[in-house]
Amino acid sequence: MPTKFTRRQALVLPAGIALGSLAGRAAMAAEPVKIGLVAALSGASAKSGEGITRGLTIAIDEINAKGGVLGGRMLELVRRDDESNPVKGQTAARELIDKEGVAILFGGIDSPVSLAIVPVANAAQVPFMGVWAAATNITRNGANPNFIFRVSAVDVLVDRALMKYATTKFGAKTPGLMLVNNGWGESNLAGLTAAAEAAGIKLAGAEKFDDKDADMTPQLQRLRDAGADTVILVGNAAPGAQVIKSLQRSAWTVPIVSHWGISGGRFPELAGSWAGKVHFIQTYSFFGPQNDVGKQVLAALMKKYPDIKGPGDVTPPVGVANAYDAMQLTALAMAKAGSTEGAKLREGFLAIESYQGLIKNYTKPFTDANHDALNENDYVMVRYNGDQIEPVTG
Amino acid sequence: MLATALVSGLSLGSIYGLIALGFTLTFAVSGTVNFAQGSSVMLGAVVCHALAVGLHWPMVAAVPVALLACAVWGLVVERIAVRPFVARGTNSWLMATVALGILLDNVVMVLFGKEPRALPSSLADDPWVIGNIGIFPLQVVVPLVGLGLALLVHLGMHRTELGLKLRAAVENPDAARLMSIDVTLLIALTYAAAALLAGIGGILIAPVYNVAYDMGTLFGIKAFAVAILGGLTNPWGVVIAGLGYGLVEACATTWLGSGSTQIVTFSAVIAALVLAPSGLFGRRTRVRV
């Protein structure tokens, strides 16, 4: 027997279907966009992971407060601890892509971990955004299409900047290199050697150390005997501190210029009274006059994190600043792409025209030929004063 | 360069020797060793840090308590990971001590955290400078403590009643039992002493290195190599082997570069063992049939 609708039912039913459809769309619109982070959240570089988390969180809070992305979808940060271990990092990246369905992966301080994730991200066609690890071949990896982007320093450029600083600030003529014995150290050995050649100076030597080495005085003595007049250091906080303690033990008062890995952990505590002698690179300092974004981010950080009372408490500033700008650029890329689908999001990054960020005013930050948004003009030299990181003055 | 290599080598080498002495003690008395010896190094340093830095105890109070913790840990290892397996006549204590060490490392990781911490010491802040060679006072203290403890172990074994009992237990455990010597207790005490020696090593190295839940792993491995090299049963041999190991390590880095350190050092260990299978100072065991 055919079903007969009353007049009321005939009116209510389409209205119900329409309402149900709207509710469904609202539910879809409310589905969050997951942002993955694989970084060192524990271990010797735990502070780097905390800094990156804070930068991302401040940006995400800001974006969500303005209504989210893609017509009202909120951003949600999903973090995994790589423990500075490439295998763990790669596993975490796969899990975030396959299980959590993240739209993009952010990386941490360790270049070996990022280098392990690069092929995974490219194969899955999910963008990977580096916000700290600086190995040159993270972005310049030969993949086509390349899904790897970075808002951070690039070793080859940092190396030029470090060499320039050593020669101009300390009058270095024969700098010696102290490099961590891993892929990041190798990347910088190539970069610093090229930078020395370009500057027309000769290196006194290049020495390597392992993360767990208890005494680096033999390596330093080799550099000293070879006539090193400056030491350029590439390593993370704990082994970097061992280099400084070994320098102190040797009573060798040589100028020390460092890559930024030392700012990712408890360097001032571990290095002791000589920590302030090290001049190192950052992409941003919260000290001094700030642009509007800087003022706003610092205020937001102080409001959200009670331990931040002023610019000196934003440690490490590089992690916070790079992550903040990278997240804002990601939101712009999503808007350009109109989607969170990997291939479209990649195109979205390449389509960004300009963005007034924390670190600088970005103009065409990413192109087919260049996936690095920062360059040597964006670096500042800093040093520790107690636990705080301050720009080098004078 | 030679002076730097000597200072660095002797300082680290005496730490290796100190830790390796623990292997010697337990092996001599029971024929077993504590493969969690590296964890004892870490435990000494971590407990000392927790008390001295965390709770602001003076060092004179923090150090004895940290060493007591190590001794108790040694007793636990012997009771849980060695005695039951030896009683059943299996060699599973090998794996059991490794497992217990990993367990302790991970418990400390949860309680202490994964971040390395500093243990400041006035003996490792202001170096003495002679020419262009610098040396922390602690680096002089470390070899002295190492040699002093080796002497103490030697005297203890040869000049005390306890030492006499220990040597009796080593020579013939069954006969020692018949003479009312509590061999089980003696073995437990050597495990406590071995962990205590490792704890001293951990506390001594902490100010020039740092304190971390995984700091003992590498020291434990190197100390075992030193113990084998020294001949396992000979305390003086082990201490000399420790100093030798440290010197080879430092000299390899100084003259051949850091890339060669492990290659040269472990090649030297293998070569030495090929030439002297019982260790450089060990006694060849004769089996009578």
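This report walks through a few connected parts of a predicted model with chains A and B.

**A helix held inside**

A good place to begin is helix α8 of chain A, which spans residues 217–225. Of its 9 residues, 8 are buried, so the helix is largely enclosed by the rest of the structure. The buried ones are T217(A), P218(A), Q219(A), L220(A), Q221(A), R222(A), L223(A) and R224(A).

What lies over them? The cover for the buried residues of α8(A) comes from both chains. From chain A it includes the strands β6 (175–180), β7 (205–209) and β8 (230–234), as well as helix α9 (237–250). From chain B it includes α1 (2–30) and α10 (235–256). Just after α8(A), the backbone at G227(A) has a positive phi of about 90 degrees.

**How α8(A) meets α9(A)**

Among the elements covering α8(A) is α9(A), and this pair can be described in some detail. Two packed helices are described by the angle between their axes and the distance between the axes. For α8(A) and α9(A), the angle is about 65 degrees and the axes are 9 Å apart. The crossing of α8(A) past α9(A) is right-handed. On the α8(A) side, T217(A), L220(A) and Q221(A) take part, and they meet S246(A), L247(A), R249(A) and S250(A) of α9(A). Sorted by class, this contact has 2 nonpolar, 4 polar and 1 charged residues.

**Where the chains touch**

Now let us turn to the meeting of the two chains. Here 28 residues of chain B are in contact with 28 residues of chain A. On the chain B side, the elements giving two or more residues are α1, β2 (133–135) and α10. The largest share, 4 residues, comes from α1(B). The classes on this side of chain B are as follows.

| Class of residue | Residues on the side of chain B that touches chain A |
|---|---|
| Nonpolar | 15 residues |
| Polar | 9 residues |
| Charged | 4 residues |

**A residue in α1(B)**

Helix α1 of chain B also holds Y16(B). Is Y16(B) buried or exposed? Y16(B) has 31 other C-beta atoms within 10 Å, and since 20 or more count as buried, Y16(B) is buried. Leaving aside neighbours within four places in sequence, Y16(B) is in contact with K222(B), A223(B), V226(B), G242(B), Y245(B) and G246(B). By contrast, the C-alpha atoms of Y16(B) and P173(B), 157 residues apart along the chain, are separated by 30 Å.

**The sheet and the core**

Chain A also has an open sheet of 5 strands, in the order β2-β1-β3-β4-β5, with parallel pairing. At the edges stand β2 (75–81) and β5 (148–150) of chain A, each with a single partner strand, so one side of each has no neighbour in the sheet. From one strand to the next, the twist averages 25 degrees.

Strands β3 (residues 104–107) and β4 (residues 128–130) of chain A pair in the parallel sense over 2 bridges. The bridge partner of L105(A) in β4(A) is F128(A).

L105(A) appears again in the largest nonpolar core, which has 224 residues: L105(A) and F106(A) touch the most other members. The element that gives the most to this core is helix α8 (residues 183–205) of chain B, with 17 residues. Setting aside neighbours within four places in sequence, the contacts of L105(A) are G36(A), V38(A), A93(A), L96(A), I117(A), A121(A), V126(A) and F128(A). F128(A) is thus listed both as a contact of L105(A) and as the bridge partner of L105(A).

How values were computed
Residues are numbered from 1 along each chain as its sequence is written. Chains are lettered from A and ligands numbered from 1 in the order in which they are written. This is a predicted model: local features need pLDDT of at least 70, side-chain atom pairs count only at pLDDT 80 or more; totals for chains, interfaces and linings use all residues. A residue is buried if 20 or more other C-beta atoms lie within 10 Å of its own, exposed if 12 or fewer, and partly exposed in between; C-beta atoms are placed from the backbone. Two residues are in contact if their C-beta atoms, placed from the backbone, lie within 7 Å. A nonpolar core is a set of buried Ala, Val, Leu, Ile, Met, Phe, Trp, Tyr and Cys residues joined through C-beta atoms within 7 Å. Ala, Val, Leu, Ile, Met, Phe, Trp, Tyr, Cys and Pro count as nonpolar, Asp, Glu, Lys and Arg as charged, and the others, Gly among them, as polar. Two strands pair if DSSP finds at least two bridges between them. Axes are lines fitted to C-alpha atoms, for helices over the stretch in contact, and angles run from 0 to 180 degrees between N-to-C directions. A crossing is left-handed if the near helix is turned anticlockwise from the far one by less than a right angle, and right-handed if clockwise.
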